[in-house]
Amino acid sequence: MMKKRAARYMISSACPLCEGKRLREESLSVTFEGLDHAEMNRLPMAKFSDIFALATTLLMAARD
């Protein structure tokens, strides 16, 4: 009963600010390789690993 009453006030559209990512604008403004926090979390582990392997290689090369 309570669930049905509450459902009347709920909408099922994505937030226009975060585009449904459920994170604050400040969190989404931090990016790495053009991806925000939510997008990084959705990457397959192999792709995630590739991005960080390249970044590590570039950092090590810059230190030399």
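## Exercises on a predicted model

The mean positions of the 10 positive and 8 negative charges of the protein lie 19 Å apart; Lys and Arg count as positive, Asp and Glu as negative, while His and the chain ends are not counted. The place of a charge is NZ of Lys, CZ of Arg, CG of Asp or CD of Glu.

The model is predicted, so that local features need pLDDT of at least 70 and side-chain atom pairs count only at pLDDT 80 or more, whereas totals for chains, interfaces and linings use all residues. Residues are numbered from 1 along each chain as its sequence is written, and side-chain values use heavy atoms, with hydrogens and water left out.

**Exercise 1. State the confidence of the model and where it is lowest and highest.**

Step 1. pLDDT is the predictor's confidence in each residue, from 0 to 100. The protein has a mean pLDDT of 88, and 100% of its residues reach 70 or more.

Step 2. Confidence is lowest in α1, at a mean of 84, and highest in strand β2 (residues 35-36), at 94.

**Exercise 2. Describe the fold and the overall dimensions of the protein.**

Step 1. There are four helices and two strands. Helices (H or I, at least four residues) and strands (E, at least two) are DSSP runs, numbered from the N terminus. Along the sequence the pattern reads α-α-β-β-α-α.

Step 2. The radius of gyration is 19 Å, whereas a compact globule of 64 residues would have one near 11 Å. This radius is taken over C-alpha atoms, and the globule rule is 2.2 Å times the number of residues to the power 0.38.

Step 3. Along the principal axes, the C-alpha atoms fill a box of roughly 65 × 25 × 15 Å.

Step 4. Of the 64 residues, 12% count as buried. Buried means under 20% relative accessible area, exposed over 50%, and partly exposed in between (1.4 Å probe, protein chains only).

**Exercise 3. Identify the aromatic pairs and classify each one.**

Step 1. A pair of aromatic rings is described by the distance of the centres and the angle of the planes. Rings of Phe, Tyr and Trp (its six-membered ring) pair if their centres lie within 6.5 Å; planes under 30 degrees apart count as stacked, over 60 as edge-to-face and the rest as tilted.

Step 2. The structure holds two aromatic pairs. For Phe32 and Phe52, the centres are 4.9 Å apart and the planes are at 5°, so this pair is stacked. The pair links distant parts of the chain, 20 residues apart: Phe32 lies in strand β1 (residues 31-32) and Phe52 in helix α4 (residues 45-63).

Step 3. The ring centres of Phe48 and Phe52 are 4.8 Å apart with planes at 45°, so that pair is tilted. Phe48 and Phe52 are separated by about one helical turn because they are four residues apart in helix α4.

Step 4. Phe32, Phe48 and Phe52 form one aromatic cluster. Phe32 counts as partly exposed because its relative accessibility is 32%; Phe52 is partly exposed at 33%, and Phe48 is partly exposed at 29%.

**Exercise 4. Determine whether Glu19 and Arg22 are buried or exposed, and describe their backbone.**

Step 1. Glu19 is found in the loop between α1 (2-7) and α2 (25-28), and Arg22 is found in the loop between α1 and α2.

Step 2. Glu19 has a positive phi of about 60° although it is not a glycine. Arg22 likewise has a positive phi of about 60° and is not a glycine.

Step 3. Glu19 counts as exposed because its relative accessibility is 61%. Arg22 is exposed, with a relative accessible area of 78%.
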